[in-house]
Amino acid sequence: MRVAIEEYLFQNGFLRDEDVYTKVAQKKVGEMIINGQRQIQTQNVEIAITFVGEGWIGDDENNSEPTTQWNLKVNGEDHGDFIVNDADEFKQIFKS
């Protein structure tokens, strides 16, 4: 499951350093028209997704669903951990 999530992150421009996947994206924060010329203001947004670990949810390890746990930081601000059951669930959270 981690491999499929990792491939998705790479496809969307993330770079890997150990268990941390990072991407710097530009976000449009404003737009002005000065003397007939359009001026677009942008801001860099740094996204860091850290792989925390693998686990499972269920009665016991043999009768369970595998999970992976991740942490999200945006511009250094921690937005908490989240757990996903598969790559499709991860993709739903981080639609590009």
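Which residues touch the most other members of the largest nonpolar core? Let's work towards that answer with a few ground rules. This is a predicted model, where local features need pLDDT of at least 70 and side-chain atom pairs count only at pLDDT 80 or more, while totals for chains, interfaces and linings use all residues. Residues are numbered from 1 along each chain as its sequence is written, and side-chain values use heavy atoms, with hydrogens and water left out.

Now to the core. A nonpolar core is a set of buried Ala, Val, Leu, Ile, Met, Phe, Trp, Tyr and Cys residues joined through side-chain atoms within 4.5 Å. Buried means under 20% relative accessible area, exposed means over 50%, and partly exposed lies in between (1.4 Å probe, protein chains only). The largest such core has 14 residues, and Ile5, Leu9, Ile49, Trp70, Phe82, Phe90 and Phe94 touch the most other members. At least two residues of this core come from each of α1 (2–11), β3 (37–60), β4 (63–74), β5 (77–84) and α2 (87–93). The most generous contributor is α1, with 3 residues. Helices (H or I, at least four residues) and strands (E, at least two) are DSSP runs, numbered from the N terminus. In soluble globular proteins, nonpolar side chains tend to be buried together.

Phenylalanine 90 gives a good view of this region. Leaving out residues up to four places away in sequence, Phe90 touches Ile5, Tyr8, Leu9, Ile49, Trp70, Phe82 and Val84. Contact here means heavy atoms within 4.5 Å.

Next, the sheet. Its 5 strands form an open sheet in the order β1-β2-β3-β4-β5, with antiparallel pairing. Because β1 (15–17) and β5 stand at the edges with a single partner strand each, one side of each is left without a neighbour in the sheet. On average, neighbouring strands are turned by 30 degrees against each other, direction ignored. Two strands pair if DSSP finds at least two bridges between them. Axes are lines fitted to C-alpha atoms, for helices over the stretch in contact, and angles run from 0 to 180 degrees between N-to-C directions.

Both ends of the sheet are worth a visit. At one edge, β1 pairs with β2 (residues 20–34) in the antiparallel sense over 3 bridges, and arginine 16 has tyrosine 21 in β2 as its bridge partner. At the other edge, 6 bridges join the antiparallel strands β4 and β5, with glutamine 69 standing opposite isoleucine 83 in β5.

The links between strands have some backbone angles to look at. Glutamate 18, in the loop between β1 and β2, has a positive phi of about 60 degrees although it is not a glycine. Glutamate 18 is exposed, with a relative accessible area of 65%. In the loop between β2 and β3, asparagine 35 has a positive phi of about 50 degrees, again without being a glycine. Asparagine 35 is exposed as well, at 76% relative accessible area. The hairpin of β4 and β5 has 2 residues between the strands, and there asparagine 75 takes a positive phi near 50 degrees.

How does α1 sit on all this? The helix α1 lies across β1, β2, β3, β4 and β5, running at about 30 degrees to β2. Its buried residues are Arg2, Ile5, Glu6, Tyr8 and Leu9. They cover an arc of only 160 degrees around the axis, so they are on the same side of α1; the arc is that of the directions from the helix axis to the C-beta atoms. These buried residues pack against β1, β2, β3, β4, β5 and α2, whereas the face turned away carries the exposed residues Val3 and Gln11. Just after α1, glycine 13 takes a positive phi of about 90 degrees.

Two polar side chains round off the tour. Lysine 23, in β2, is partly exposed at 26% relative accessibility, and its side chain reaches the backbone oxygen of asparagine 12 at 2.7 Å. Asparagine 71, in β4, is buried with a relative accessible area of 8%. A polar contact of 3.1 Å joins the side chains of asparagine 71 and aspartate 78. A polar contact is a pair of N or O atoms within 3.5 Å; within protein, one must be able to donate a hydrogen and the other to accept it, and residues adjacent in sequence count only if both atoms are side-chain atoms.
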